[in-house]
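Q: Could you take a close look at a single part of this model for me? I'd like one strand and its surroundings, walked through in one go.

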Amino acid sequence: MKRLALAAFGLFLAAGCDKHASTSGDGAKAGGKYVLEFDLSSGAPETATGSFLVPTAASRTYTGLIRAFERAASDSRASALFLKLGDASMGWAHAEEIGYAFSRLREKTGKPVVCHATAVDNRTAWVLARACTKTWVSPASDVDTVGIAGQVVYLKSALDKLKITADFLHMGRYKSASETLTQDGPSDEARESLTAVLSSMRKSWIDGENAARKRDVGKALEDGPWSPEDARTEGLIDAVGYESEARADAQTLGKTTETESAFGGKRKQGPGFEAAELLRLVAGGEPGTKKPHIAVLAAEGSIAMGKAGSFGESGITETGMRRAIKKLTEDDSVKAVVLRIDSPGGSALASDLIWHDLMELRKKKPLVASVGDMAASGGYYLACAANVIVAPETSIVGSIGVLGGKIVVSGALEDVGVHSETFPASSADGAGPRAAYLSALTPWDDATREKVRREMSSVYELFLKRVAEGRGLPVELIRAVAEGRIWSGIQGQRIRLVDELGGLGKALDVARKRANLDAEAPIVLAGVSETFLESLFGGDDGDDANESRALSRFTGAATPEARFLDAVAEPVRKFVATLAPLADGETTLVALPFGLVIR
């Protein structure tokens, strides 16, 4: 392992010292005007994870993007802006904020914004409408503005054919996550909840597009897909051409021949990583500041107890969050924390433990929750610990409810000639089913199922109490909007689950005011991912399993769990991961009620 660490250090050093050419020319360097370019074609991840050896620079995360918008507003040398979208896709809440951020830049500076995309969908169309004074798409592009729909997959009939039983319970009429395993279609409550959220998102989308374009484009937005020429005829785009042509157009409007990268492009020419910075990174630290600042704590993915979780997906772990929250609580230079949440939930136990740590942090400094695409179920459990919750109109919040259960495979095994028996140590009635209640080989009897129901009811009441305490509202008021129901951000504000509408930029503004910091105060991205050496050696509580996982990540070998997750379609992967605590022996989840993809 020592030889491995030394080899890895050498690779890291080689990668860290790589130099990238500047995108700006001599005119820009000499102090002339330039086009300021935002390249979102590779996305903007919430966390600075990146690859195992070369983590994503904090400046290239979503927090870095919001900071780039703030800097661009005061950049006197930028005479025009250029947005490169490529074929990037993004969540609804991200599209809402990015479009709004560009819109504010246009209003504040009066500078033209030229945009180019190689593919357009519902969400990027919203960005283009709000952001751009002129929109280009490539000649062979798809303009897929086709309206919004959610898709839910139901597996009961397939499980029946395999003689596999999904034995699940839930607390809350709308807590319908188990329906995907126990029914062949939605309940009336599930249909009502999902339809209401989709309708709310649709209204925000179409109203926003109409306002940005200053005319009614609702029919065109839902009547695609369009060819580029047809999209231009419908008024959804302005020009058809290549990226180089669109960039030249921006330079013409900005009266310059130079381009400077604001986000996502090549880094400016320079010395690369300094040795001291590299050593801090390898040692597990990260460059920071002791000046009064705001910390952004990213909490993305499913919620679990362990370090790495099941199915190869770490997401939000109690171990990592506890360590990160403790550092932020004790660091006197951190004057406020923005908890950036994008999570469908997961382990009830982990959610409650993290909630407690966040409440302790809140006692010492302002805590603002910024919702990404969703803070649902366990994700909302964390959000409610904040002094203020800020969410975009099209985000998903709530889902305050509990579900739990297990998959029983004994029927499938019997069908292929595999029989199992339970041998309880006690001779008392029901001893066997209770002792084996976590086993996938034994279905619950009525008495055991009732005990599990009582346990889940207790967790549900705790969830209601936690939300009420965090929000400073009566429990009965929370109970009335709970029941596992999901809400859009704008619906959440009306029922007092959300305080203010907006994205990360709005949350940073709220944090600054609460901490009495000015706009120039530093913003630091605080990570909860494993450090380089912890990944190799298992961290403080390392064991052989952790070292094996680290080695497999280093060598590129995939664990069986990781291979399973890789087989799941990318958009629903994090929803599958919310079930991981069941595989780790937990029975109670606070997870979003759908494996849901909203297009």
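A: Here is a walk around strand β3, its neighbours and its cysteine link.

Some ground rules before that. This is a predicted model, so local features are taken only at pLDDT of at least 70 and side-chain atom pairs only at pLDDT 80 or more, while totals for chains, interfaces and linings use all residues. Residues are numbered from 1 along each chain as its sequence is written, and side-chain values use heavy atoms, with hydrogens and water left out.

On to the strand, which covers residues 113–117. (Strands here are DSSP runs of E, at least two residues; helices are runs of H or I, at least four; both are numbered from the N terminus.) Of its 5 residues, 5 are buried, so β3 is largely enclosed by the rest of the structure. Buried means under 20% relative accessible area, with a 1.4 Å probe and protein chains only. In a regular strand, side chains alternate between the two faces of the sheet. Both faces of β3 are covered: Val 113, Cys 115 and Ala 117 sit on one side, with Val 114 and His 116 on the other.

Now the neighbours. Strands count as paired if DSSP finds at least two bridges between them. Strand β2 (residues 78–86) runs parallel to β3, joined to it by 5 bridges, and Lys 84 has His 116 as its bridge partner in β3. To get from β2 to β3 the chain passes through helix α4 (residues 92–109), a right-handed β-α-β crossover; that is, with the strands pointing away from the viewer, the path from the first strand over the helix to the second runs clockwise. Strand β5 (residues 134–137) is also parallel to β3, over 4 bridges, and there Ala 117 is partnered by Val 137.

Then there's the link. The whole structure has 1 disulfide, meaning a pair of cysteine sulfur atoms within 2.5 Å. Cys 115 is joined to Cys 132, S to S 1.9 Å, and the link is left-handed, with -100° about the S-S bond. Cys 115 lies in β3 and Cys 132 in the loop between α5 (122–131) and β5, so the pair ties together parts that are 17 residues apart in sequence. Cys 115 is buried at 0% relative accessibility, and Cys 132 is buried too, at 9%.

Last, confidence: the protein's mean pLDDT is 82, and 76% of its residues reach 70 or more. pLDDT is the predictor's confidence in each residue, from 0 to 100.

Key: Buried means under 20% relative accessible area, exposed over 50%, partly exposed in between (1.4 Å probe, protein chains only).
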